[in-house]
Amino acid sequence: MKIAAWNVNSLKVRLPQLLEWLEASKPDLVCLQETKLEDHNFPRQEIESSGYQVAFSGQKTYNGVALLARETPTDIVCGNPHFPDEQKRLIAATVGGIRVVCAYVPNGQAVGSDKYAYKLAWLDALAPWLGEQLASNPQLVLAGDFNIAPEDRDVHNPVAWADQILCSAPERAAFQRLLGLGMKDSFRLFEQPEKSFSWWDYRMLGFQKNQGLRIDHILLSEPLAARCTAAAIDREMRKRERPSDHAPVTATLDGKCPP
DNA sequence: ATGGTAGCCGCGCTA
């Protein structure tokens, strides 16, 4: 079973690339962020024709999340019940016995800003809700754009980024708190190339110079981490013309169900 | 030196 997360930065613009990528990569479960579409404009037909069922929660211009799955998603929940939020950043569903949470964590703009406070509050509310999800289904995935580079090795220039947005200690502490619930960063279950990143700024030739950060993650609960056989970042889509600024990230689980 | 690009909607905001 292959799980993926991809911030597409406008599903309208990236739909042709998404359909190509689904065909080529054959993921079983996909978490999309920044769809930037109202629900009545969601390209349901096109995606269903590619063999996926969908659940989505979107809005105009900003944010928006979606789940794509080979099997039928059930028990769909939009948003965190403990954190009333106009912004469409969270959708959860159960797929083949696995509980999946697709998240688009706020960017935070700048340390100390109002948006930074909102980001930390959003993350503060995420942890207890995730704990509840974990208690009701121990097979849990949390995947998406976390807008957090967990460690210095996830940053192209840790000195320049020290204490900056995406790297500050409170953001990293919030990430560690999620791990503290028993979630594992699937990417770090395996040996990985140095300077592995998932996002590169469109400006200043960021991708060409590999000046990126690893801010997109797939976290797995322990029973799923035990089944994880591979994790990777698919840089190929970032090389395309008119790419998203994020690359898809993937985690593969073996077929066996835990006892 | 506070730049640059992309997507959105509309001439600014967010990332």
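## Working through a predicted model

L90 in strand 6 stands opposite A103 in strand 7. That pair is a handy way into this structure, which is a predicted model. Grab the 3D view and try the exercises below.

**Exercise 1.** Work out how strand 6 is joined to strand 7 and to strand 5, and which way each pair runs.

*Solution.* Start from the L90 and A103 pair. Strand 6 (residues 90–95) and strand 7 pair in the antiparallel sense, over 6 bridges. The two make a hairpin with 2 residues between the strands, and there G96 takes a positive phi near 55°. Now look at the other partner: strand 5 runs antiparallel to strand 6, and 3 bridges join them. To find your place in that pairing, look for T74, which stands opposite T94 in strand 6.

**Exercise 2.** Decide whether the residues of strand 6 are buried or exposed, and sort them by the way they point.

*Solution.* First sort them: L90, A92 and T94 point one way, while I91, A93 and V95 point the other way. Then check the cover. The residues on both sides are buried, and the count for the strand is 6 of 6.

**Exercise 3.** Give the strand order of the sheet that holds strand 6, and find its edges.

*Solution.* The sheet is open and has 6 strands in the order 5-6-7-8-12-9, with mixed pairing. Its edge strands are strand 5 (74–78) and strand 9 (183–185), and each pairs on one side only. From one strand to its neighbour, the average turn is 20°, direction ignored. Where does the parallel part of the mix show up? One place is between strand 7 (residues 98–104) and strand 8 (residues 140–145): they run parallel and are joined by 6 bridges. There R99 stands opposite L140. Finally, add the helix: helix 5 (residues 169–180) lies across strand 8, strand 9 and strand 12 (216–221), at about 125° to strand 9.

**Exercise 4.** Do the same for the sheet with the order 3-4-2-1-14-13, and say which helix packs on it.

*Solution.* This one is also an open sheet of 6 strands with mixed pairing. Strand 3 (53–57) and strand 13 (228–233) are at the edges; each has a single partner strand, so one side of each has no neighbour in the sheet. The twist averages 10° from one strand to the next. Inside the sheet, strand 2 (residues 29–33) pairs antiparallel with strand 4 (residues 65–69) over 5 bridges, and V30 stands opposite L68 there. The helix to look for is helix 1, which touches strand 1 (2–7), strand 2, strand 4 and strand 14 (249–253). Its direction makes about 160° with that of strand 1.

**Exercise 5.** Zoom in on L11 of helix 1 and describe its surroundings.

*Solution.* Helix 1 covers residues 11–25, and L11 lies in it. At 0% relative accessibility, L11 counts as buried, because the cut-off is under 20%. Beyond its neighbours within four places in sequence, L11 is in contact with several residues, including L18, L32, F42 and I47. Sequence distance can fool you here: L11 and K36 are 25 residues apart in the chain, yet 6.7 Å apart in space, C-alpha to C-alpha.

**Exercise 6.** Which side chains make polar contacts with the side chain of R214?

*Solution.* Locate R214 in the loop between strand 11 (212–213) and strand 12. R214 has a relative accessible area of 1%, so call it buried. One partner is D154, with a polar contact of 2.8 Å between the side chains. The other is D185, whose side chain makes a polar contact of 2.8 Å with that of R214.

**Exercise 7.** Describe how the protein meets DNA strand B.

*Solution.* Count the surroundings: 15 residues surround DNA strand B, and the closest are S10, V13, R14, R203 and R242. Next, ask what part of the DNA is involved. Of its atoms within 4 Å of the protein, 65% belong to sugar or phosphate and the rest to bases. Then look at some individual distances from a polar side-chain atom to a phosphate oxygen: 2.4 Å for S10, 3.0 Å for R14 and 3.5 Å for K115.

Methods:
Residues numbered from 1 in each chain as written. Chains lettered and ligands numbered in written order. Predicted model: local features only at pLDDT ≥ 70, side-chain atom pairs only at ≥ 80, totals over all residues. Heavy atoms only, no water. Pairing = 2+ DSSP bridges. Helix = DSSP H or I, 4+ residues; strand = E, 2+ residues; numbered from the N terminus. Axes fitted to C-alpha atoms, helices over the stretch in contact; angles between N-to-C directions. Contact = heavy atoms within 4.5 Å. Buried < 20%, exposed > 50% of the residue type's maximum accessible area, 1.4 Å probe, protein only. Polar contact = N/O pair within 3.5 Å; in protein donor to acceptor, adjacent residues only side chain to side chain. Near = heavy atom within 4 Å.
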